[in-house]
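Welcome! Take a moment to turn the structure around on your screen, and then let us walk through its parts together.

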Amino acid sequence: MGEAASVQKPNRSAEARFIGDVTGSFVFADRRDEAGDTQAMPCRARSVSTTRAVVTADVPSVVGERVVMRFDMIGIRRGVVERSLKEGFIVALDREEGVEDVGARIDWLKQKSRGRAEDKRQHKRVMPRDARAKIILGAGETADCRIIDMSQSGTAVEAGIQPPLGNLVAIGSVPGRVVRHFEGGFAVRFLELQDLVLLEGMMTLRTNLEKSIAASRMGMPS
């Protein structure tokens with residue numbers, strides 16, 4: 001009797017979980033616009049763990065729909081809509097390689113929320129209004145990309161290519177070096193700090209004015 005009483009149940013609290021707001025963005029992997037592109041939309045996780053996320057978003061979801069999400073300070077996670085909510089959805093997350101690292105980041109968020117962890121990020125990250133941009137690889141070679149987020153010091157992009165670490169590239173007219181790879185894209189550290197007000201325009205080059213300013217900065221005729 002005493003021996004049976006000493007048997008302990010499995011510890012299910014080992015899974016990393018953070019309850020609180022985490023900003024981010026997401027795309028429904030199989031939804032495309034008229035140009036055939038996925039559309040990144042802002043969201044906020046009310047709670048996130050290594051296996052599930054409860055997400056607040058303005059876009060209706062469908063159970064079983066594939067989702068790719070990027071959470072601030074956690075990174076990119078993929079999963080399937082498990083349940084639709086009035087103001088969002090619950091996602092069952094894939095068990096991906098590197099999930100231990102994700103668990104460590106979630107634990108860090110918990111510590112930070114309790115005032116026990118130091119936030120070493122120097123520059124605030126923001127999401128662009130228009131995420132479409134081009135990567136300039138040199139010798140006239142370019143590739144399409146989508147801006148995940150950006151700050152004065154760097155950006156993360158989704159792309160079908162991953163230039164080698166340390167390679168010099170430009171996102172639009174903003175030069176930098178590739179400093180990190182992740183599934184589906186890479187991160188760039190700019191060669192110099194950028195003006196956050198002008199940064200999106202310098203990367204996306206949507207208007208003639210932005211193209212003219214970029215040409216001037218790069219020493220080219222506009």
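**A walk through the fold**

Let us begin with a pair of strands: E4 and strand E5, which spans residues 75–85, run antiparallel to each other and are joined over 6 bridges. What you are looking at is a predicted model. Within this pair, Val68 faces Arg78 of E5. The two strands form a hairpin with 3 residues between them, and there Met73 adopts a positive phi near 70 degrees.

Now look to the other partner of E4. E1 pairs with E4, again in the antiparallel sense, over 5 bridges. Here Val27 stands opposite Val68, the residue of E4 that we have just met facing Arg78 of E5. Is E4 enclosed or open to the outside? Of its 6 residues, 5 are buried, so E4 is largely enclosed by the rest of the structure. Buried here means that under 20% of a residue's relative area is accessible.

From E5 we can step on to the next strand. Strand E6, residues 88–93, runs antiparallel to E5, and 6 bridges join the two. One of the matched positions is Arg83, whose bridge partner in E6 is Ile90. Strands of a sheet are held together through backbone hydrogen bonds, in either a parallel or an antiparallel arrangement.

Where does this path lead? The order is E1-E2-E3-E6-E5-E4, and these 6 strands close into a barrel with antiparallel pairing. On average, neighbouring strands of this sheet are turned by 45 degrees against each other, with direction ignored.

A helix comes next. Helix H2, made of residues 99–113, lies across E1, E2 and E5, and it runs at about 125 degrees to E1. To see one of its residues, find Lys110, which sits in helix H2. Lys110 has a relative accessibility of 23% and so counts as partly exposed. Apart from its neighbours within four places in sequence, Lys110 is in contact with Arg17 and Phe18. Lys110 and Gly20 are 90 residues apart along the chain, yet their C-alpha atoms are separated by 8.9 Å.

Let us turn to an opening in the protein. The second largest pocket has a volume of about 400 Å³. Which residues lie nearest its centre? They are Gln39, Ala40, Met41, Ala131 and Arg146, out of 24 that line the second largest pocket. This lining is made up of 13 nonpolar, 3 polar and 8 charged residues. Several strands take part: E1 (17–28), E2 (41–49), E4 (66–71) and E8 each contribute at least two residues to the lining of the second largest pocket.

Strand E8 deserves a visit of its own. It covers residues 141–150, and Asp149 is found in it. Is Asp149 buried or exposed? Its relative accessible area is 4%, so Asp149 is buried. Setting aside residues up to four places away in sequence, Asp149 touches Arg70, Arg125, Val126, Pro128, Thr155 and Ala156.

Finally, step back and take in the whole protein. There are 4 helices and 12 strands. Of the 222 residues, 41% are buried. Contacts that reach along the chain can be counted too: among those between residues at least 6 apart in sequence, 53% join residues at least 24 apart.

Key:
Residues numbered from 1 in each chain as written. Predicted model: local features only at pLDDT ≥ 70, side-chain atom pairs only at ≥ 80, totals over all residues. Heavy atoms only, no water. Buried < 20%, exposed > 50% of the residue type's maximum accessible area, 1.4 Å probe, protein only. Contact = heavy atoms within 4.5 Å. 1 Å grid on protein atoms, 1.4 Å probe; cavity = no way out; pocket = protein on both sides within 12 Å on 5 of 7 lines; lining within 4 Å. Points joined across faces, edges and corners; volume = space filled by probe spheres on them. Nonpolar A, V, L, I, M, F, W, Y, C, P; charged D, E, K, R; others polar. Pairing = 2+ DSSP bridges. Axes fitted to C-alpha atoms, helices over the stretch in contact; angles between N-to-C directions.
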